[in-house]
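Student: I have the sequence and the model open, but I don't know where to start. Can we go through a few residues and strands together?

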Amino acid sequence: MDISSVFLRNPTAADGYAVNQLINHIPELDSNSCYCNLLQCSHFSETSILAEHQGQVVGFISGYRKPQAADTLFVWQVAVSPDARGCGLATKMLLTLLASAASRSVSHVETTITADNAPSWALFTRLADQCNAPLERALIFDRVTHFNDQHDSEFLVRIGPVQK
């Protein structure tokens with residue numbers, strides 16, 4: 001896929017179902033309810049981004065500004081359809097989101113990643129490199145303590161301060 005033919009924009013509530021379908025068709029991602037994706041596309045529209053190619057949703061990043069730290073953008077989920085992988089779309093979406101007016105006062109990016117999720121580690125390491133920022137990693141949600149041994153442990157990834 002030619003990344004120059006992908007249109008990036010903030011999502012709207014009308015995109016919620018398509019986003020839900022995208023996420024549900026990517027086995028590596030945790031599924032959310034359609035209602036959750038509707039809220040992400042409406043309540044968190046300014047801190048989320050949607051990628052379209054020929055009228056189809058091929059990418060979505062949900063994020064929000066942390067209530068306790070307004071200078072931090074928390075990236076909840078990154079979804080890129082299998083057909084759109086390998087062309088730098090996820091990185092382009094993250095950089096576009098960081099350059100948006102809603103992220104003007106953002107100095108740090110956070111997300112959580114499981115230890116074995118190599119594509120996400122590569123993406124956020126690339127983001128840290130492109131933003132000339134350090135990347136810190138620390139256990140935040142333990143497999144046993146927080147997930148009753150039903151989900152892998154999640155590591156908090158903190159990047160910043162970012163250079164935009």
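**From Val106 to His53**

Student: Does Val106 count as buried or exposed?
Tutor: Its relative accessibility is 3%, and buried means under 20% relative accessible area, with exposed over 50% and partly exposed in between (1.4 Å probe, protein chains only). Keep in mind that this is a predicted model, where local features need pLDDT of at least 70, side-chain atom pairs count only at pLDDT 80 or more, and totals for chains, interfaces and linings use all residues. Residues are numbered from 1 along each chain as its sequence is written, and side-chain values use heavy atoms, leaving out hydrogens and water. So Val106 counts as buried.

Student: Which residues is Val106 in contact with, leaving aside neighbours within four places in sequence?
Tutor: Val106 sits in the loop between helix 3 and strand 5 (helices, H or I with at least four residues, and strands, E with at least two, are DSSP runs numbered from the N terminus). Contact here means heavy atoms within 4.5 Å. On that basis, its partners are Arg65, Asp71, Leu73, Leu98, Val162 and Lys164.

Student: How far apart in space are Val106 and Thr96?
Tutor: Along the sequence, ten residues separate them. Going from C-alpha to C-alpha, the distance is 13 Å.

Student: How many residues of strand 5 are buried?
Tutor: Strand 5 covers residues 108–114, which makes seven residues, and the strand is mostly covered. The buried count is six.

Student: In which sense do strand 5 and strand 7 pair?
Tutor: Two strands pair if DSSP finds at least two bridges between them. Strand 4 (residues 69–80) pairs with strand 5 over three bridges in the parallel sense, and there Thr72 stands opposite His108. With strand 7 (residues 154–159), strand 5 has six bridges, and Ile113 is partnered with Phe155. The sense of this second pairing is antiparallel.

Student: Why does His53 count as buried?
Tutor: His53 belongs to strand 2 (residues 49–53). Residues it touches, not counting those up to four places away in sequence, are Met1, Ser5, Val6 and Val58. It counts as buried because its relative accessibility is 16%.

Student: Which residue's side chain shares a polar contact with the side chain of His53?
Tutor: A polar contact is a pair of N or O atoms within 3.5 Å; within protein, one must be able to donate a hydrogen and the other to accept it, and residues adjacent in sequence count only if both atoms are side-chain atoms. For His53 the distance is 3.1 Å, and the partner is Ser5.
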